[in-house]
Amino acid sequence: MFQLRQLKIFVAAVETLSFTQAAKRVHLSQPSVTEQVRALEESVGHALFIRQNNRLQLTAAGEKLAIRARELLAMADDAYREVRDNVDNPGGTIRVVAPQTLCTSVLLPQLLHFAGMHSDTQVAVQERNSVATAQAVIDGTADLGLVHGWPAQDANLRAEVIARDMPVVVLPSGHPLSQTARISPDALAAFPLIVTMEGCRYREYLEALLQDASVRPRIRGTADSVPALMQMVAAGLGVSILPRMALDPAATAARVQWRPLSTGGEGLPICLLTLHRAPTRQVAAFIDMIRLAATASDEPMPAIDMQHGAGRIAIAK
C-alpha cells in the first residue's frame, strides 16, 4: 500500500516531469525521489512514467494515479486542517495572500469587517508578489489569494475573475491634466512617465495600454514598488498609470490625484486564486464577501482603521 509521502513525491514528479526538479520541490535528494517512485510503481504493479533522455512522460496508469493522488492529498490536508482548527481554534483560521496593493485596497478592509462579524475566527495576511501569491495557494500556506492579471497555469490552481480593474492616470497635485475628466493615452505624450520595474505586472499593463498611442511618453523614472512610485509622482517627477485598485485610498488623497484613462479595453482582471477543492465554512464565507467587494472596483474602498478590530489579524511581509 502506498503512503501519502510517496504520493506527494509522485505529484511533484508529475508536475515537473523531472526527478531532479521534483527533488528540489520536496526537499529530497534525486536518488531518494527515484527510489520512492520506483517503490510506488512496485506497489501499484504498473510503470507510472516513461523515462526518456532525462525527461519523464506519464503512462496511462500514471495519468490515472495522478488524478487520484491529488484528490487523496487534498482530502488529507482538509482532514488535518479541520481537526487542527476545531481543537486549537473552534472558529477556524483564514489565511490570505496578495500583493501589497490588493492587500491594502481589498483584503484588509474586508478582513477587518469579517473579523468584526466572526469574533472567534483568526485571520492571517501574507504580502507577496503575484508569483509568490500563486505559489502560496498551491503550497497550501494560504487558503486564497488575489492577483492582478492571470497567474501561470497550474493543474492545482483555480483562477476566477471576480472583477475588472480599470486604468487610471496618477498625477501630482495641481497637474494640468487634473482638470480633465478622462485622459486619453495621446494626452500623456507631453509628460514624463514613472513606471514600475520591468517584469512587474503593472509595467506590462502600462505598456499594453500605450502600445497604440501615436507618441509614446518618455520614461523618466522607475520604482520597485507602488508606494515608491507614488512618492516620485507626488514629488513632480512625472505621471503614471496604474489599475484603480492598486491605489491606497488613505495615502493617495493627500499626495496625488488620479483621473480615469480613456481606453477601449475591459480592464485588468482581478483573479481569486484557490485550490480545486471545497473551502472550509469560514473561508467560503470570506470568499463570498471578497466577491461582493471586488465587483465595486470602480468605487473607492474604505480607508483602513488599524486601531479597531485588528487584534486577530496577523500580517506577514
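Disulfides to begin with: this is a predicted model, and a search of the whole structure finds zero of them. Two of the cysteines, then. Cys103 is buried, at a relative accessible area of 0%. Cys200 counts as partly exposed, because its relative accessibility is 25%.

Next, confidence. The protein chain has a mean pLDDT of 83, with 87% of its residues at 70 or more. Residues 297–313 are below 50, and that stretch has 37 contacts in the model beyond near neighbours in sequence. Where pLDDT is low, the predicted coordinates should not be read in detail.

Now helix H1, residues 4–16. Its 13 residues should span 18 Å at 1.5 Å a residue, and the end C-alpha atoms are 18 Å apart, so the two agree. Buried residues in H1 include Leu7, Phe10, Val11 and Val14. Just after H1, Leu17 has a positive phi of about 55°.

On to the aromatics. How many aromatic pairs does the structure hold? Three. In one of them, Phe19 and Phe49 have ring centres 5.9 Å apart and planes at 85°, which means edge-to-face. Phe19 is in helix H2 and Phe49 in strand E1, 30 residues apart, so to speak of distant parts of the chain is fair. Both of these residues, Phe19 and Phe49, are buried.

Phe114 and Phe286 are also paired: centres 5.5 Å apart, planes at 80°, therefore edge-to-face. Phe114 lies in helix H5 and Phe286 in helix H10, so this pair ties together parts 172 residues apart in sequence. Phe114 is buried at 0% relative accessible area, and Phe286 is buried at 0% as well.

Last, back to H1: its buried Phe10 forms one aromatic cluster with Phe19 and Phe49.

Methods. Residues numbered from 1 in each chain as written. Predicted model: local features only at pLDDT ≥ 70, side-chain atom pairs only at ≥ 80, totals over all residues. Heavy atoms only, no water. Disulfide = S-S within 2.5 Å. Buried < 20%, exposed > 50% of the residue type's maximum accessible area, 1.4 Å probe, protein only. Helix = DSSP H or I, 4+ residues; strand = E, 2+ residues; numbered from the N terminus. Expected span 1.5 Å × (residues − 1). pLDDT = per-residue confidence, 0-100. Contact = heavy atoms within 4.5 Å. Phe/Tyr/Trp six-rings, centres within 6.5 Å; stacked < 30°, edge-to-face > 60°.
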